[in-house]
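Colleague: I'd love a close look at one part of this model, please. Could you take me through the charged pairs and then the strands around them?

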Amino acid sequence: MLDKIQKIGIWFWWNKERFVLLILVGILGYRVYVIAYPPPPEKEEVYSPPKKEVPDELKPPIPPMAPALSIPGTYASLWRENPFWYFSGEKQTTQGAGGITEKDLGITLLNIRQVGDRWRAQLRTRSTTKWYDEGEEFEQFILEQINPEDKTIIIYSEQYGRRFTLQMKR
């Protein structure tokens, strides 16, 4: 009995390459069969086209309006004038910015009106005539304050680095 088991083991040992070859030919044959006769494609789920109107129960709730941004103070001087340079505030005063008029600025105050709870000023510059709110930047100016009683506005000029008061012509 032991002799027969030993002969079977030796026969397997001498034919192991043939077994590996037979297994590889079987795998190759199966892959060729799958390519020649592919399985039927999987059934895809059919989706309905979207509807033009969404039912009310599926609509998301409307978020509340965001509060208006009103930041107290003006921080523009942080980038207009360099706080780390000794002569930063004197650059325009040495150029003789003392007697500058509306004509030199190229800006004219035409009208002041109240719209809702805010005041607006109509200004004519060299390029356009528009209405502006307080704090609004335009060209090289910033409209800082509107005084409706005196019919004046205060603007900041980036070119000259100072504020000017313009009065409406009567």
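Modeller: What follows starts with the salt bridges and then moves on to the strands and the core.

First, some ground rules: this is a predicted model, so local features need pLDDT of at least 70 and side-chain atom pairs count only at pLDDT 80 or more, while totals for chains, interfaces and linings use all residues. Residues are numbered from 1 along each chain as its sequence is written, and side-chain values use heavy atoms, with hydrogens and water left out.

Let's begin with the charges. Side chains of opposite charge can pair when their charged atoms come close. The model holds five salt bridges, each being a side-chain nitrogen of Lys or Arg within 4 Å of a carboxyl oxygen of Asp or Glu. Arg118, Arg120 and Asp133 are linked in a network of such bridges. In one of its pairs, the closest N and O atoms of Asp133 and Arg118 are 2.6 Å apart. Asp133 lies in strand β3 (residues 129–133) and Arg118 in strand β2, so this pair ties together parts that are 15 residues apart in sequence. (Strands are DSSP runs of E with at least two residues, numbered from the N terminus.) Asp133 also bridges to Arg120, with 2.8 Å between the closest N and O atoms. Because Arg120 lies in strand β2 and Asp133 in strand β3, that pair joins parts 13 residues apart in sequence.

How covered are the partners? Asp133 counts as buried at 19% relative accessibility, whereas Arg118 is partly exposed with 39%. (Buried means under 20% relative accessible area, exposed over 50%, and partly exposed in between, using a 1.4 Å probe and protein chains only.)

For a bridge elsewhere in the chain, turn to Glu17 and Lys16, whose side chains meet at 3.8 Å, N to O. Glu17 is partly exposed, with a relative accessible area of 48%, and Lys16 is partly exposed too, with 33%.

Now to a sheet. Four strands form an open sheet in the order β4-β5-β6-β7, with antiparallel pairing; two strands pair if DSSP finds at least two bridges between them. β4 (137–138) and β7 stand at the edges with a single partner strand each, so one side of each has no neighbour in the sheet. Between β6 and β7 the antiparallel pairing runs over six bridges, and Ile154 stands opposite Thr165 in β7.

Strands also feed the largest nonpolar core, which has 18 residues; Leu105, Ile107, Leu109, Leu143, Ile153 and Ile155 touch the most other members. (Such a core is a set of buried Ala, Val, Leu, Ile, Met, Phe, Trp, Tyr and Cys residues joined through side-chain atoms within 4.5 Å.) At least two core residues come from each of β1 (108–115), β2 (118–124), β5 (141–147), β6 (152–157) and β7 (162–167). β5 gives the most, with three residues.

To finish, pick out Leu109. Leaving aside residues up to four places away in sequence, Leu109 touches a list of residues including Ala121, Leu123, Ile153, Leu166 and Met168, where contact means heavy atoms within 4.5 Å. Polar and charged residues are on that list as well, among them Gln122, Lys151, Thr152, Gln167 and Lys169.
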